[in-house]
Amino acid sequence: MIDLHTHSSASDGTDDPRQVMEAAAAAGLTVVALTDHDTTVGWEEAAEAAARTGVALVRGTEVSTRVRTPEGAGISVHLLSYLHDPTDTALAYELERTRTSRRTRAREMTDRLARDYPITWETVVAHTGDGATVGRPHLADALVALGVVATREEAFATMLHPGAPYYVAHYAPDAETAVRAVRAAGGVPVMAHPGAGARGRVVSDDTIAALADAGLAGLEADHRDHDAATRAHLRDLASALGLFVTGSSDYHGAGKRNRLGENTTAPEVLEAIEGQGSLPVVRS
Ligand code: AMP
Ligand code: FE
Ligand code: FE
Ligand code: ZN
């Protein structure tokens, strides 16, 4: 069983990277990708655990990107990058710029929330892992700890969604630029949950075609945020554009209901990813 999208406490998951690997073993996975938001900081700890747990590790990153729109703030697109060189300067620069902007944005959202709720930046920091990429889930955890809401889910439904007055956007590179940067770094770019409409606007098939021209390798069709019709459409689109399809859990530990291995990727797709990537899969 191959699951190519998970998060640890290096971003907004609740397990540390070692615990993700242990949970992957317990769930019966043979291969797991650690894809924290905009960082590679969890790779080393996960790679050490790969040997002990017997679960092979695909080193990845979920890159925040944006598709510009004529009006408004653009559409958020998550781009999974697999097996890229973490020292590639251009990609590392973009990721650092996004992480820095995420920090400023989390502070600004905290200030806005603090007008109505007893939240402080110190509480948010206390709920963010050392060196982790900060995100709205950390604000949610602070709100849960302070008794304002019961769960992350409730925080997102009531005060953290893009339509809420507390919402602030962060910097993210243009999606096409990011696809090219991932390829230039020897990575394999796959669009995460392309049809997850509940998160906000989704991009058009034409935009996905343009990203395919720029070097996109695959679409994450099998994801819990897609219904059967969306999955079927993404499969057809992938086939028309010469892209492969992946499936994954988008596991966040206790931060989300998603269970490891709830969606999986075919072995021949993993072979294609390894064939195109600049790093090997870490095997025990
Ligand atoms: P951000 O990256 O800061 O914009 O926050 C988005 C992240 O929040 C996503 O990557 C998810 O991990 C998480 N998220 C979104 N919606 C929910 C939800 N309803 N419950 C828990 N986590 C969520
Ligand atoms: Fe996340
Ligand atoms: Fe995502
Ligand atoms: Zn994710």
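How many nonpolar, polar and charged residues make up the shell around ligand 1? By class, two residues of that shell are nonpolar, four are polar and seven are charged. The structure discussed here is a predicted model.

## The shell around ligand 1

Thirteen is the count of residues around ligand 1, given as 13 in total, and the nearest of them are His37, Arg102, Arg105, Arg136 and His252. Polar contacts to oxygen atoms of ligand 1 involve both side chains and backbone. In the side chain of His252, an N or O atom is 2.7 Å from an oxygen atom of ligand 1. The side chain of Asp12 also places an N or O atom 3.1 Å from an oxygen atom of the ligand. Arg136 takes part through its backbone, where an N or O atom lies 2.8 Å from an oxygen atom of ligand 1. Ligand 1 taken alone exposes 500 Å², of which the protein buries 85%. Two or more residues of the shell come from each of helix H3 (89–114), helix H5 (136–145) and helix H6 (152–160). H6 supplies the largest share, three residues.

## The metal sites

The table lists the protein donors of each metal ion.

| Metal ion | Protein donors | Distance |
|---|---|---|
| iron ion (ligand 2) | Asp12 (OD), Asp12 (OD), His37 (NE2), His252 (NE2) | 2.1 to 2.7 Å |
| iron ion (ligand 3) | Glu62 (OE), His78 (ND1), His193 (NE2) | 2.0 to 2.2 Å |
| zinc ion (ligand 4) | His5 (NE2), His7 (NE2), Glu62 (OE), Asp250 (OD) | 2.1 to 2.3 Å |

### Iron ion (ligand 2)

Asp12 appears twice among the donors of the iron ion (ligand 2), alongside His37 and His252. Asp12 and His252 also have side-chain atoms 3.1 Å and 2.7 Å, respectively, from an oxygen atom of ligand 1. The six donor atoms of this iron ion span angles of 51 to 153°, and the site is irregular. Along the chain, the donor residues follow the spacing D-x24-H-x214-H. Asp12 belongs to the loop between S1 and H1, whereas His37 is in strand S2 (residues 31–37); the pair therefore ties together parts that are 25 residues apart in sequence. Asp12 has a relative accessibility of 7% and so counts as buried. His37 is likewise buried, because its relative accessible area is 8%.

### Iron ion (ligand 3)

The iron ion (ligand 3) lies 5.5 Å from the iron ion (ligand 2). Its donors are Glu62, His78 and His193, and their spacing in sequence is E-x15-H-x114-H. Of these, His78 sits in strand S4 (residues 75–82) and His193 in the loop between strand S5 (188–191) and helix H8 (205–214), so that the pair links distant parts of the chain, 115 residues apart. What is the relative accessibility of His78, and is the residue buried or exposed? His78 has a value of 15% and therefore counts as buried, since the cut-off for that class is under 20%. His193 is buried as well, with a relative accessible area of 7%.

### Zinc ion (ligand 4)

The zinc ion (ligand 4) is 4.4 Å from the iron ion (ligand 2). Glu62 is one of the donors of the zinc ion and also one of those of the iron ion (ligand 3). Why is the arrangement around the zinc ion irregular? The four donor atoms subtend angles of 78 to 166°, which makes the arrangement irregular. For four tetrahedral donors, the ideal angle at a metal is 109.5 degrees. The zinc donors follow the spacing H-x1-H-x54-E-x187-D in sequence. His7 and Asp250 link distant parts of the chain, 243 residues apart: His7 is in the loop between strand S1 (2–6) and helix H1 (17–26), and Asp250 is in the loop between strand S7 (244–247) and helix H10 (267–276). His7 is buried, because its relative accessibility is 0%. Asp250, at 1% relative accessible area, is also buried.

## Two further positions

Pro17 lies in helix H1 and counts as buried because its relative accessibility is 5%. The C-alpha atom of Pro17 is 5.8 Å from that of Gly42, a residue 25 positions away along the chain. Ala232, in helix H9 (residues 228–241), is partly exposed, with a relative accessible area of 37%. Ala232 and Ala221 are 11 residues apart in sequence, and their C-alpha atoms are separated by 8.0 Å.

Technical notes: Residues numbered from 1 in each chain as written. Chains lettered and ligands numbered in written order. Predicted model: local features only at pLDDT ≥ 70, side-chain atom pairs only at ≥ 80, totals over all residues. Heavy atoms only, no water. Near = heavy atom within 4 Å. Polar contact = N/O pair within 3.5 Å; in protein donor to acceptor, adjacent residues only side chain to side chain. Areas by Shrake-Rupley, 256 points an atom, 1.4 Å probe, with all protein chains shown as cover. Helix = DSSP H or I, 4+ residues; strand = E, 2+ residues; numbered from the N terminus. Nonpolar A, V, L, I, M, F, W, Y, C, P; charged D, E, K, R; others polar. Donors = N, O, S within 2.8 Å, 3.2 Å for Na, K, Ca; no water. Tetrahedral: all angles 85-135°; square planar, octahedral: opposite > 155°, others 65-115°. Buried < 20%, exposed > 50% of the residue type's maximum accessible area, 1.4 Å probe, protein only.
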